[in-house]
2 protein chains.
Amino acid sequence: MPTRSEEDHIKAVYSLLQEGDSAFTKDIAERLQNKASSVTVMLKKLAEKGFLKHEPYYGAKLTVKGRAFALQLVRRHRLWETFLVERLGFGWDEVHEVAEQLEHVKSEKLIDKLDAYLGKPHFDPHGDPIPDKKGVIRERKTRRLDSCAVGDHVRIAAVSGTTDGLLRLLDSKGLRIGTALMVQEVHPFDGSMDVKPKSGSAFSLSKDVSHHLQVEKGKP
Amino acid sequence: MPTRSEEDHIKAVYSLLQEGDSAFTKDIAERLQNKASSVTVMLKKLAEKGFLKHEPYYGAKLTVKGRAFALQLVRRHRLWETFLVERLGFGWDEVHEVAEQLEHVKSEKLIDKLDAYLGKPHFDPHGDPIPDKKGVIRERKTRRLDSCAVGDHVRIAAVSGTTDGLLRLLDSKGLRIGTALMVQEVHPFDGSMDVKPKSGSAFSLSKDVSHHLQVEKGKP
DNA sequence: CCTCATTATTAGACAAGACTAATCTATTTT
DNA sequence: AAAATAGATTAGTCTTGTCTAATAATGAGG
Ligand SMILES: [Mn+2]
Ligand SMILES: [Mn+2]
Ligand SMILES: [Mn+2]
Ligand SMILES: [Mn+2]
């Protein structure tokens with residue numbers, strides 16, 4: 001059974017591979033707040049244990065076994081986040097660190113029961129998909145808000161790169177998962193965007209923000 | 001902030017001091033499934049950190065700081081046990097190991113919210129008191145069932161020394177926290193005891209079992 | 001009071017996981 | 001093509017927590 005540190009490394013590799021097509025030592029180190037040298041050592045160990053392939057100087061890729069393991073870890077993380085927000089009343093900007101700990105509790109039964117208790121949710125409080133017990137993820141077609149054009153009607157599906165500051169900014173503008181928006185104007189100068197929610201008046205979002213909003217097509 | 005191992009040692013000392021008036025190296029080691037030599041080293045460290053006084057060869061006693069810390073740990077353990085049984089539907093014989101892990105999650109807010117979510121319970125699924133946020137324990141006057149006499153009417157308040165086997169035995173006889181019993185007969189030969197529940201017919205309990213049942217006076 | 005069994009402590013080893021410093025590799029810049 | 005730079009790896013150190021083996025203290029029985 002992998003240790004907490006091993007688990008965190010596998011998860012970091014998984015999520016970097018989601019974003020790009022390689023997981024480099026430096027980026028893993030940054031995520032985990034470790035030094036690159038520590039990561040190299042860990043990658044070697046995880047490669048020996050069969051969770052990933054480590055191509056020195058060219059990063060790491062997960063094996064089938066490593067991917068399956070990462071999906072279970074992501075499942076645990078997101079189920080706990082859902083519990084914290086839906087049941088305990090945490091804000092969506094407050095759950096990450098706690099879930100980071102809870103995800104390492106070893107008990108299959110615990111996760112099964114938690115999942116059932118929460119009604120087998122498919123998405124976490126940030127709109128990210130929760131893999132099921134077999135590791136299957138419900139796919140959706142989403143695009144980043146900053147790739148939308150004037151006149152598009154969309155619904156916020158997920159917030160990517162969830163830092164607490166971004167989440168609080170969204171809170172303050174009344175934006176949450178499911179919020180319907182219409183793109184009213186795009187300013188080429190700074191990439192900022194004016195959006196109008198279904199109810200209420202339009203306001204502006206910086207490119208920095210719109211880039212982190214994953215949206216689905218919505219009805220006009 | 002104490003590590004997981006430090007926390008477990010402090011808790012072991014606390015619970016041994018609840019049972020007797022000293023916590024010896026060997027007994028701590030046994031609880032934690034460690035060797036005595038490892039415990040000695042840890043006691044020295046915890047003494048330096050001010051959690052306890054270690055009198056070599058005469059065991060350990062908690063300081064005020066250590067006791068306060070232990071009470072918070074016990075609080076966390078018992079709140080999680082309550083959650084697992086009341087909300088997730090675990091059996092009372094299945095929660096110990098999981099709570100042993102959950103108790104180490106570091107987040108004061110988590111415990112506050114969990115406590116509120118559960119309705120600020122005063123007792124865990126085994127009838128053990130849950131210290132409040134200040135570490136205050138609601139005291140009750142209980143006695144062991146094996147110290148009761150023929151004709152006594154009692155109510156089961158708690159199960160002490162909760163091993164899974166004992167809990168399952170109680171389950172099978174329909175005994176749980178709150179069950180009312182009348183002591184019908186005590187057999188001096190083996191210390192066994194015949195008890196009659198309010199509804200249903202009498203049955204026998206070995207001394208081994210009755211010794212672990214904490215009871216309160218009940219109405220005839 | 002002496003002996004001995006039990007318990008505790010110390011000393012030394014080891015594994016895990018982190019670090020720093022030194023070295024090496026790949027890639028970009030000149 | 002050589003040099004510079006960013007990134008990665010290796011080697012060596014440290015801390016934590018565990019162990020085993022050797023030694024020491026305590027308390028009970030003779
Ligand atoms: Mn984690
Ligand atoms: Mn999330
Ligand atoms: Mn524990
Ligand atoms: Mn309990």
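In chain A of this predicted model, 6 strands line up as an open sheet in the order β3-β8-β4-β5-β6-β7, and the pairing is antiparallel. Here a strand is a DSSP run of E with at least two residues, a helix is a run of H or I with at least four, and both are numbered from the N terminus; two strands count as paired if DSSP finds at least two bridges between them. β3 (143-144) and β7 (203-205) of chain A sit at the edges with a single partner strand each, so one side of each has no neighbour in the sheet. Strands of a sheet pair through backbone hydrogen bonds, either parallel or antiparallel. Further in, β4 (residues 153-159) and β5 (residues 180-186) of chain A run antiparallel and share 3 bridges, and Arg155(A) faces Ala180(A) in β5(A).

A word on the bookkeeping: residues are numbered from 1 along each chain as its sequence is written, while chains are lettered from A and ligands numbered from 1 in the order in which they are written. As this is a predicted model, local features need pLDDT of at least 70 and side-chain atom pairs count only at pLDDT 80 or more, whereas totals for chains, interfaces and linings use all residues; side-chain values use heavy atoms, with hydrogens and water left out.

Now for the metals. Donors are N, O and S atoms within 2.8 Å of the metal (3.2 Å for Na, K and Ca), and since water is not among the atoms, sites may look incomplete. The manganese ion (ligand 1) is held by Asp8(A) (OD), Glu100(A) (O), Glu100(A) (OE), Glu103(A) (OE) and His104(A) (NE2), at 2.0 to 2.5 Å. Along the chain, these donors are spaced D-x91-E-x2-E-H. Asp8(A) belongs to helix α1 (residues 4-19) of chain A and is buried, with a relative accessible area of 13%; buried means under 20%, exposed over 50% and partly exposed in between (1.4 Å probe, protein chains only). Glu100(A) and His104(A) are both buried too. Setting aside neighbours within four places in sequence, Asp8(A) is in contact (heavy atoms within 4.5 Å) with Leu32(A), Glu100(A), Glu103(A) and His104(A).

Over in chain B, the manganese ion (ligand 3) has as its protein donors Asp8(B) (OD), Glu100(B) (O), Glu100(B) (OE), Glu103(B) (OE) and His104(B) (NE2), 2.0 to 2.5 Å away. The spacing of the donors of ligand 3 reads D-x91-E-x2-E-H, and both Glu100(B) and Glu103(B) are buried.

Back in chain A, the manganese ion (ligand 2) is coordinated by Glu81(A) (OE), Asp124(A) (OD) and His126(A) (ND1), at 2.1 to 2.3 Å. Glu81(A) and His126(A) tie together distant parts of the chain: Glu81(A) is in helix α4 (residues 64-86), His126(A) is in the loop between α6 (108-117) and β3, and 45 residues separate them. Glu81(A) and His126(A) are both buried.

How do the two chains relate? Chain A lands on chain B after a rotation of 180° with 0.0 Å of shift along its axis (RMSD 0.1 Å), superposed by least squares on the C-alpha atoms of residues with pLDDT of at least 70 in both. The two copies are thus related as by a two-fold rotation axis. In chain A, Leu102(A) has the C-alpha nearest the axis, 3.7 Å from it. Of the interface residues of chain A, 100% are also interface residues in chain B, so the copies meet through the same surface.
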